[in-house]
Structures are given as structure tokens and as C-alpha cells.
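Biologist: I'm just starting out with protein structures. Could you take me on a close look at the sheet and whatever is attached to it or packed on it?

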Amino acid sequence: MPRLLVIARESQALTGLCDELARNGFDCSTASYNDEVTGLVARQSPDLILVEVNERSPDSETWQLIKGIKRVNPLPVMALVAREMLESIEGHPEADDFIPSPYDVKEVVVRAKRLLDKTRKAHSGELIDCGSLVIDLARCEVTINGNIIELTFKEYEMLKLLAANRGRVYTREDLLNKVWGYDYYGGARTVDTHIRRLRSKTENAQNTFIETVRNIGYRFKKDN
């Protein structure tokens with residue numbers, strides 16, 4: 001049974017949510033900001049933390065609390081936020097997921113299970129997590145911001161190779177050999193064509209992943 005710790009300014013305020021989560025198969029407990037949360041996390045060893053967030057500032061008590069928890073134990077954290085704060089959540093990478101209030105318990109349950117599954121796969125080496133782009137090796141599935149991207153087999157294999165070795169530069173010949181095989185006699189234009197198709201399917205003004213290294217080849221951006 002997954003263990004959840006719900007942290008709120010007033011722990012009793014989310015008791016109802018915790019009760020509903022317990023009825024949906026979670027071992028759920030609550031804590032307030034006044035508790036010694038870091039020690040509580042160490043003692044309880046939760047699988048997932050839900051934190052009620054009321055402040056926008058990155059230096060606020062809430063976000064500092066989350067940062068402190070993650071420094072000790074890099075647990076997945078879901079932020080419970082007021083709807084009017086949705087725009088500000090992008091500036092807080094400490095939150096692995098979020099859900100706006102009023103909280104729909106069914107949505108919380110689904111998101112919590114997905115986040116736990118993603119964390120488990122990442123720890124087992126079944127995921128290549130590049131921020132908004134995630135490659136599920138077990139399912140041979142690529143998602144961007146949770147949306148499945150349809151790729152051909154060669155596009156998938158090339159993306160997987162580049163993403164698994166972020167920052168490493170591959171020449172066109174390297175990519176031909178590793179993705180198509182040593183017996184492939186196609187030219188470098190084949191690689192360029194597949195890179196162009198990959199970019200058209202995965203990139204936009206907000207997301208750029210593959211960089212061209214002039215006169216050499218390609219690499220996956222290291223800072224994704």
C-alpha cells in the first residue's frame with residue numbers, strides 16, 4: 001500500500017482528503033508546517049508527499065520546506081495549489097506534479113498513482129526522464145507533457161540513443177551505425193531527414209531538445 005504524507009498549514013484542513021485517499025488504497029497521514037517535517041519524513045518513509053501551497057514566492061516557507069525535504073530524500077512531491085496560482089507553478093521545479101483546488105479525489109488518486117509509477121520506473125531504469133519529454137522503455141512510448149508522441153521505429157531508436165546520452169555529440173556516421181546498423185548503405189541525408197521529422201514531432205517554441213553541432217552531427221541538450 002503506497003504511503004502518502006499530506007502537509008498543510010493546518011493539517012486538519014485536509015483530513016477529509018486524506019480519508020478519501022485512504023479509502024482508495026493509500027496509507028495516508030497528515031502533518032502541519034509546524035511539525036518537524038524533515039524528521040517526520042525520515043521516520044515515516046512516505047512514497048509520495050502532497051503539499052498545500054499558498055504562496056507564490058520561491059523564498060516562501062512552503063517552497064523552502066519542499067526544497068529541504070528533497071535535499072534529504074528526493075521523494076516525488078505533488079503540490080496542491082489554489083487555481084489562481086496555476087501560472088506561478090512553472091517556476092517551481094521542486095514540484096513533480098500539481099493539482100488545483102477544489103480537489104477532485106479521483107483526479108488526485110489517478111495523478112498520485114501515475115507519479116508513483118513514473119518514479120518507480122525511473123529508479124528501475126525503465127524511464128529516460130528529460131523533463132517535459134519522457135521515454136518509457138518498457139512501453140516504447142514517448143510523451144511530452146504527458147501527451148503521447150507517435151514516432152516511427154527509427155525515430156524512436158534515434159531519440160532514445162540521444163536522450164540516454166545527453167550532451168554527447170554523435171556524428172551522422174555514428175547515428176547510422178548505431179541506429180541502422182553497419183550494413184546500412186544509406187547516406188548522411190537519411191539521418192538529417194529523421195532528425196528533421198523528430199524535431200517536427202517533438203519540438204516547438206517552448207520545447208527544444210536536439211541541437212545541431214555544426215559540421216559534426218547532433219546531440220540532445222544536456223540541460224533538459
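Modeller: Sure, here's a walk through the sheet, starting with its strands and moving outward. Keep in mind that this is a predicted model.

Let's start with the layout. The sheet is an open one made of 5 strands, and if you read across it the order is 2-1-3-4-5, with parallel pairing. As background, strands in a sheet pair through backbone hydrogen bonds, and the pairing can be parallel or antiparallel. Now look at the edges: strand 2 and strand 5 (97–100) each have a single partner strand, so one side of each has no neighbour in the sheet. Going from one strand to the next, the twist averages 20 degrees.

Next, zoom in on one edge. Strand 1 (residues 3–8) pairs with strand 2 in the parallel sense, over 6 bridges. If you want a spot to click on, find Arg3, which stands opposite Asp27 in strand 2.

Now for the helices on the sheet. Helix 3 (residues 61–72) packs there, touching strand 1, strand 3 (48–53) and strand 4 (77–81), and its direction makes about 165 degrees with that of strand 3. Helix 4 (residues 105–124) lies across strand 3, strand 4 and strand 5, and runs at about 180 degrees to strand 5.

Strand 2 has another link worth a look. A disulfide joins Cys18 to Cys28, with 2.3 Å from S to S. Cys18 sits in helix 1 (residues 15–23) and Cys28 in strand 2 (residues 27–32), so the disulfide ties together parts that are 10 residues apart in sequence. The link is left-handed, with -125 degrees about the S-S bond, and both Cys18 and Cys28 are buried. Searching the whole structure turns up 1 disulfide.

What about helix 4, which lies across three of the strands we met? Its Lys118 makes a salt bridge with Asp129, at 3.7 Å from N to O. That pair links distant parts of the chain, since Lys118 is in helix 4 and Asp129 is in strand 6 (residues 127–130), 11 residues apart. Lys118 counts as partly exposed because its relative accessibility is 30%, and Asp129 is partly exposed too, at 32%. You'll also find a network of salt bridges linking Asp117, Arg120, Lys121, Asp136 and Arg139. Across the structure there are 13 salt bridges.

Notes: Residues numbered from 1 in each chain as written. Predicted model: local features only at pLDDT ≥ 70, side-chain atom pairs only at ≥ 80, totals over all residues. Heavy atoms only, no water. Disulfide = S-S within 2.5 Å. Helix = DSSP H or I, 4+ residues; strand = E, 2+ residues; numbered from the N terminus. Buried < 20%, exposed > 50% of the residue type's maximum accessible area, 1.4 Å probe, protein only. Pairing = 2+ DSSP bridges. Axes fitted to C-alpha atoms, helices over the stretch in contact; angles between N-to-C directions. Contact = heavy atoms within 4.5 Å. Salt bridge = Lys/Arg side-chain N within 4 Å of Asp/Glu carboxyl O.
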